[in-house]
Amino acid sequence: MKMMKYLYLLASILALTACEQDLTEADMTNSGTLFINVDGFPAFSETAQTRSVGASDAGKTAWANGDKLLLHLSYTNDKGTQNSYSILTYDGSTWNCSPTLALENAHSASLTTYYAPTYSWDDSGNLIGTGGTGEFMQTTQNLTNRNVTISFANVTRAYSRLRFASATNTRLTVTLTGFTPAGYNTSVVDNYTATLTTDSKGNAYLYGSWNANAKLTVSANYLTSKIEKTLSASTPAQSYALDTPQLISSIPSNWNNSTTDITGYYKLNADITLSGNWIPIGNATTNRVQGRFIGTFDGGGYQIKGLKSESSGDDFGLFRVLGTGGVIKNVNLTECSIDGSGSFVAGIVATNHGTIENCHVIGGTIKGKEYVGGLVSYNNHGSVIVACSNSADISGNQDIGGLFSRTYDGTTTLSCFNAGNVTGNSSVGEIAGGIGILGTVTACYYLDENSVKGTDGVETTWDAAISDMNSTLQAAGYSYQYELDTNSGLPVVKTTE
């Protein structure tokens, strides 16, 4: 009588070892199911030499809920060669096999496993699907018993990865000549076209190989003209990155006081000087959910000059609200003059729900009634500020902070400093005003007259502070690094992403 067919799905080698102790008779000469374990996901290596933007990005680094593996079991017994096909699906904690795979008095057996997200089995056990928009890894192992560990650790990718860096949840149309998609029985395609949607980090990927002088075209709704590139030949198992912003030399006029969310990926390609009484980008306030900036704005390290206002309104800054998933980076806001009488006032953004990196308010004055900060007024749950600084003078009545007026639990602030004077009547802080510093604030410093101090109030030096800020950035995977500027006597970021 056949054994009852169970598939024990094991999440670790330790669990597999324990299982093997219980299944000492699990050899192939008996009939029964396979007992399957899956090793970790092999991350894609990406080095500085093959990147154009950002910190090292391995993309997918672990198995995720909904991942599938395609299994082909082939074995021989007295009846001849037998083939079975199955799908192994990960639910976030265990792998579930449907249908289960079993051996019947096998003389020899092999298991071929495919990680091919864009492929599936047809009714005859053939692979069907589209190559290029997903990975394609294959491994075959000869079985000596029914305890099986599937591993891609020693599989060498025969293809490359092309990463497109854009804003979060953005649709891109990509055309590439001389492209061989990663996949089953694929060949060179002279006019390969794919529609990609970027993930939560603003990345989208193609997998395959391309010839020297391959022509790449990228189009998107936010691009006023297509991005066209000529590529050199790819190297297997290497990753290449392409920045895909719309280059702008001024702030688009329809951004000011926009009542709809602003999406897309934009990058300055020159210094700009603002004129007149500044109207912030977007019209969302702390409590509104429309009129936010939720794309990516890259200042390119250029200067934004001439931001002036004598507004009595609330929610004031270069931007009003940076929404969840939005990114502002590499902005130098110089000599701003904000003489307001409203609340929620700051240099970069009034309310932050997103990520602000390498942004600096350099000189000038920022004044408001309450909730006034050099960079941000309200730094909300889930927001991130990295490698930023303020040297403008900040003033108001209450809740006045050098970097932000308030920051909440669930926020992250790394390697920032304030060198501006901060004055007010109540709830005043060199880093944060209001209810003080909440969330995670690491390696942040301020200038108190001629003394450099950390958030604990202990005096130090800029050299020691820079060392701490740089090591914190490096440990967190950022390439931003500070050095001491001999002209200003303050730290400046010497590398941008």
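In the predicted model, L73 faces L111, a residue of strand 8. This pair belongs to the contact between strand 4, which covers residues 68-77, and strand 8, where seven bridges are found and the two strands run antiparallel. Strand 8 itself comprises residues 108-115, and seven of its eight residues are buried. Strand 8 also pairs with strand 11, residues 137-143, again in the antiparallel sense and over seven bridges. Within that pairing, T112 lies opposite T140 of strand 11. Strand 8 is thus a partner of strand 4 and of strand 11.

In general, the strands of a sheet are held to one another by backbone hydrogen bonds, and the pairing may be parallel or antiparallel. Strand 8 shows the antiparallel arrangement with strand 4; the parallel arrangement appears in an open sheet of four strands, ordered 27-31-35-40. Strand 27 (319-322) and strand 40 are the edge strands of this sheet; each has a single partner strand, so one side of each has no neighbour in the sheet. On average, neighbouring strands here are turned by 5° against each other, with direction ignored.

The pairings inside this sheet can be followed residue by residue. Strand 31 (residues 349-352) is joined to strand 35 (residues 376-379) by three bridges, and the two run parallel. Here N352 stands across from N379 of strand 35. Strand 35 is in turn paired with strand 40, residues 404-407, in the parallel sense and through three bridges. In this case Y378 has R406 of strand 40 as its bridge partner.

Another open sheet of four strands has the order 30-34-39-44, and its pairing is parallel. Its edges are formed by strand 30 (343-346) and strand 44 (426-429), each of which pairs on one side only. From one strand to the next, the twist averages 5°. Strand 39, which spans residues 398-401, pairs with strand 44 in the parallel sense over three bridges. Within this pairing, I400 is placed opposite V428 of strand 44.

The interior was also examined for enclosed space. Two cavities of 30 Å³ or more are present in the structure. The second largest cavity holds about 30 Å³ of space. Its lining is made up of S309, S311, G313, F316, I338, G340, V345 and K367. By residue class, the lining of the second largest cavity consists of three nonpolar, four polar and one charged residue. One of the lining residues is V345, and the span of strand 30, an edge strand of the sheet ordered 30-34-39-44, is 343-346.

For the chain as a whole, two helices and 50 strands are found. The chain has 497 residues, of which 52% count as buried. The C-alpha trace extends over about 90 × 50 × 40 Å along its principal axes. Among contacts in the chain with a separation of 6 or more, 71% are between residues 24 or more positions apart. The pairing of strand 4 (residues 68-77) with strand 8 was described above, as was that of strand 8 with strand 11 (residues 137-143).

Notes:
Residues numbered from 1 in each chain as written. Predicted model: local features only at pLDDT ≥ 70, side-chain atom pairs only at ≥ 80, totals over all residues. Heavy atoms only, no water. Buried < 20%, exposed > 50% of the residue type's maximum accessible area, 1.4 Å probe, protein only. Pairing = 2+ DSSP bridges. Axes fitted to C-alpha atoms, helices over the stretch in contact; angles between N-to-C directions. 1 Å grid on protein atoms, 1.4 Å probe; cavity = no way out; pocket = protein on both sides within 12 Å on 5 of 7 lines; lining within 4 Å. Points joined across faces, edges and corners; volume = space filled by probe spheres on them. Nonpolar A, V, L, I, M, F, W, Y, C, P; charged D, E, K, R; others polar. Contact = heavy atoms within 4.5 Å.
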